[in-house]
Amino acid sequence: MTHALYLLDPDPGPPWMPFAGIRPFCELRAGAHLVRERWEMFVGTEAAAIFALPHLAGFPEAGVPPVEARRPVAGPAVIGSSTFAPRGLAGPLPDAPARLTHGWWVPAGTTWTGPVANAQAMNVEGVLLRGVHDLISALEQLLRDDLLKLLGDSDAVPKGSVVLGDPAWIALREASIEPGVVFDTRKGPIVLESGVEVQSGMRLEGPLWIGANTRLVGGVIRNSAIGPWCVVHGEVSTTAFLGYSNKSHHGYLGHSVLGSWVNLGAGTTTSNLKSTYGSVRLEVAGTKLETGHQFLGSLFGDHAKTAIGMMFDAGSVIGAGASVFDGVRAPKFIAPFAWGGSSATRMTLEGFLATVERVLPRRNVQVTDATRSYLRRAFDWLTRSP
């Protein structure tokens, strides 16, 4: 019997900054795939809806199902939590309601209205996400296996390339590779999707996934998942890009997460390790969060931008829409739509939308009335009084 899939976001608390209020959490990248895509592969069907904050209705990215307020769901259906990145495929499901390790199974003839007490527990393999910082754990645990499943049909590795490791672990799909590129598959596969461009002198170390139409213009990239339509240069390690973001110049970026439409100015550098080698702590609007991660860089929200030469401590959180240019060493927490970063000044809605109108068409994305309306609602929610 065919069953429906719904995604359920958690409450938008501090662990989910800098993406709380700007995008559904299931639209974050866990390994090579979005959390939603992982649930869709697990269940074998596309999501019918995402239950998230009401103002996120009309989320404008292509291919995303409708975003709705939480409501009852008639079975047969799976309710997948955005706080869990499953791996593998679902097995047989019981006739009674069941808890699926951060999800729920709703059999035919029943209706889900929320967590079911005393429901049968079914273990599902995957990675629990306690917050945005655990996307780094997901990258480390899921990316290699994701890429092994993506290997198969591939263009030939161009002459003039250097391959260290097994060339069968390279998948090129209509990518443009200049001479002198090094492919190192000794630690994992490398997959380049359609339209990817790689300039001479790049060193690519697996496991590595590069999304469609991204340009790699210099440096070393390892153990990362970089979404579509990005431009990347410099040293990048263990980092997830959602897509449509720029790191076009030198500077180190490690154990970090970048949302969509992020732009890092030349020389922007993240620390990803404390001098004590201890666990990295996040500080989000006065709330301190122990991550348990020894290596953790910066978390950049959608539309965040940095000036040239900015430096970020380990565990920095840069809010959506923030423009960071004050000084050289940025504060560890920068509020959404901050203007400068070190003060309480925020950019205006009109100024933010004017920037969006200039940026999105550079990637052939039209700014529609629906996009403007969505961004206005997000701005109002993120800048509201406590």
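Among contacts in the chain between residues at least 6 apart in sequence, what percentage join residues at least 24 apart? The share is 44%, where a contact means heavy atoms within 4.5 Å.

Before selecting anything, keep in mind that this is a predicted model, in which local features need pLDDT of at least 70 and side-chain atom pairs count only at pLDDT 80 or more, while totals for chains, interfaces and linings use all residues. Residues are numbered from 1 along each chain as its sequence is written, and side-chain values use heavy atoms, with hydrogens and water left out.

Start with the whole chain as a cartoon, where 4 helices and 37 strands can be found, helices being DSSP runs of H or I of at least four residues and strands runs of E of at least two, numbered from the N terminus. The radius of gyration, taken over C-alpha atoms, is 21 Å, close to the 21 Å that the globule rule gives for 386 residues, so the chain is as compact as a globular protein of that length; that rule is 2.2 Å times the number of residues to the power 0.38.

Colouring by burial next, one finds that buried residues (under 20% relative accessible area, 1.4 Å probe, protein chains only) make up 53% of the 386 residues.

Now select residues 369-382, which form helix 4. Its end C-alpha atoms are 20 Å apart, which agrees with the 20 Å expected for 14 residues at 1.5 Å a residue, the expected span being 1.5 Å times one less than the number of residues. Within helix 4, Thr371, Arg372, Tyr374, Leu375, Ala378, Phe379, Trp381 and Leu382 are buried. Finally, add residues 349-359, since helix 3 is included in what covers those buried residues.

Note on methods
Buried means under 20% relative accessible area, exposed over 50%, partly exposed in between (1.4 Å probe, protein chains only).
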